[in-house]
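Thanks for coming, everyone. Please bring the sequence and the model up on your screens, and we will walk through a few spots together.

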Amino acid sequence: AASALGAILAVLASLIITANALVIIVLLCLIQKSGSKGLYFVLNLAVADAMVGFTVVGLVRDEFSQPFYPPQIFCVLRMAFVTSSSAASILSLILVACDRHLAIRKPFHYFQRVTGLRVGVRLVGLWLVAAIIGFLPVLMPVFQKVSTHEKCSFFRVFHPAYMLAVFCVGFFPALFLFVYLYCDMLKIASVHVQQIREVEHAGLAGGCPPSRTTSDMKAMRTVAVLIGCFTLSWLPFFIASIVQTVCPECFPYKVIENYLWLLGLCNSFLNPLLYSYWQKDVRLQLSQLAAGVKRRVL
């Protein structure tokens with residue numbers, strides 16, 4: 001069972017790292033061409049997801065090294081890095097959603113508000129918050145759970161109070177914020193559609209295509225797909241973990257760690273695929289990159 005789980009983790013880690021590395025290269029090329037500051041949030045999301053893949057590599061080694069009973073501090077640090085990377089990925093999704101929301105709500109003030117300094121401050125703050133969330137048990141040993149002769153896992157090294165705080169203070173507010181941003185973008189896009197229809201009905205449109213509405217709908221669709229995948233990937237793990245934290249005998253923790261957590265990790269693999277498919281600029285740049293590599297090889 002440990003070897004099978006290790007093989008699954010190895011394949012998933014390879015896919016996460018490869019997919020996000022390609023997206024990082026493409027985004028760096030796009031940023032160099034366009035200079036768009038909003039792409040830095042997407043780039044940060046890809047970097048965070050790639051770090052999730054690298055942290056999983058360490059867990060793969062643990063699975064193939066069974067029986068492996070590392071020291072307590074080793075497990076705490078290992079799971080702290082995993083938690084920090086996952087938190088950075090979730091926080092990056094929030095920044096991407098907020099950036100798209102600002103672009104739709106304040107289109108004429110977007111470039112004045114999204115400056116290089118503000119983007120840098122937000123990204124630095126994001127990683128500080130993610131590090132605090134992940135390494136809080138290291139800074140405050142009261143959140144550690146003493147365990148011996150067990151492999152590294154969330155429920156073996158983290159206190160239930162810490163797990164409950166992370167879930168209730170971190171995950172669910174992020175989910176509610178996602179839903180609010182999506183509903184607000186839907187309302188704004190509906191207003192734009194209604195205004196354009198009124199102008200067309202009055203005969204003042206002149207046959208111009210509703211490009212702004214099309215852009216709004218594309219941005220809203222991208223955020224909606226990200227929210228859906230994020231919810232489907234992480235919600236089962238967080239709900240089961242809360243039940244496990246409150247009632248340790250009500251739910252087998254191995255199911256959570258061996259299956260539901262893997263489902264959550266898949267979100268770090270889906271994010272670059274979604275952006276590669278939904279974002280036209282990313283698709284075109286990826287096609288150009290593939291064509292350039294093909295010419296060099298042939």
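Start at Thr55. Its side chain reaches the backbone oxygen of Val52, at 2.6 Å. Keep in mind that this is a predicted model. Thr55 is found in helix 2. Is Thr55 buried or exposed? Thr55 has 12% relative accessibility, so it counts as buried; the cut-off is under 20%. Now look at what Thr55 touches. Leaving aside neighbours within four places in sequence, Thr55 is in contact with Phe81, Val82 and Ser85.

Take Phe81 from that list. Phe81 lies in helix 3, which covers residues 72–105. Phe81 is partly exposed, with a relative accessible area of 46%. Which residues join Phe81 in a nonpolar surface patch? They are Ile73, Phe74 and Leu77. The patch has an area of about 340 Å².

Let me step back for the overall picture. The protein has ten helices and zero strands. Read along the sequence, the pattern is α-α-α-α-α-α-α-α-α-α. There are 298 residues, and buried residues make up 43% of them. The protein exposes about 15,700 Å². Carbon and sulfur atoms supply 70% of that exposed area. Now the contacts. Take those between residues at least 6 apart in sequence: 79% of them join residues at least 24 apart.

Here is one long-range example. Ile17 is found in helix 1, residues 2–34. Ile17 and Phe269 are 252 residues apart in sequence. How many Å apart are they in space, C-alpha to C-alpha? The answer is 8.2 Å. Ile17 also touches Ala50, Gly53, Phe54 and Val57, not counting residues up to four places away in sequence.

A second pair works over a shorter stretch of chain. Arg221 is found in helix 8, residues 211–246. Arg221 and Leu186 are 35 residues apart along the chain. Their C-alpha atoms are separated by 9.5 Å. Arg221 is partly exposed, with a relative accessible area of 38%.

Next topic: charges. Side chains of opposite charge can pair when their charged atoms come close. How many salt bridges does this model have? The count comes to two.

Here is one of them. Arg100 forms a salt bridge with Asp99. The closest N and O atoms are 3.0 Å apart. Arg100 counts as partly exposed, at 26% relative accessibility. Asp99 is buried, with a relative accessible area of 7%.

Now the other. Asp184 forms a salt bridge with Arg105, with the closest N and O atoms 2.9 Å apart. Where do these partners sit? Asp184 lies in helix 7, residues 160–201, and Arg105 in helix 3, so the pair ties together parts that are 79 residues apart in sequence. Asp184 counts as buried, at 5% relative accessibility. Arg105 counts as partly exposed, at 39%.

One last stop: Asp49. Asp49 is in helix 2, residues 39–64. Asp49 is buried, yet has no salt bridge. What is the nearest side chain of opposite charge? That is Arg100, and it is 16 Å away. A salt bridge needs the nitrogen within 4 Å of the carboxyl oxygen, so at 16 Å this pair does not count. What does the side chain of Asp49 make a polar contact with, then? The partner is the side chain of Asn271, at 3.1 Å. Asn271 also appears among the contacts of Asp49 once neighbours within four places in sequence are left aside. The others on that list are Ile16, Asn20, Ser89, Ser268 and Pro272.

Let me close with a quick recap. Thr55 is buried, at 12% relative accessibility. Phe81 is part of a nonpolar surface patch. Asp184 and Arg105 form a salt bridge. Asp49 is buried and has no salt bridge, but its side chain makes a polar contact with that of Asn271. Thanks, everyone.

Notes
Residues numbered from 1 in each chain as written. Predicted model: local features only at pLDDT ≥ 70, side-chain atom pairs only at ≥ 80, totals over all residues. Heavy atoms only, no water. Patch = residues over 30% accessible without salt bridge, like charges linked within 9 Å, V, L, I, M, F, W, Y side chains within 5 Å. Areas by Shrake-Rupley, 256 points an atom, 1.4 Å probe, with all protein chains shown as cover. Helix = DSSP H or I, 4+ residues; strand = E, 2+ residues; numbered from the N terminus. Buried < 20%, exposed > 50% of the residue type's maximum accessible area, 1.4 Å probe, protein only. Lys, Arg positive; Asp, Glu negative; His and termini not counted. Polar contact = N/O pair within 3.5 Å; in protein donor to acceptor, adjacent residues only side chain to side chain. Contact = heavy atoms within 4.5 Å.
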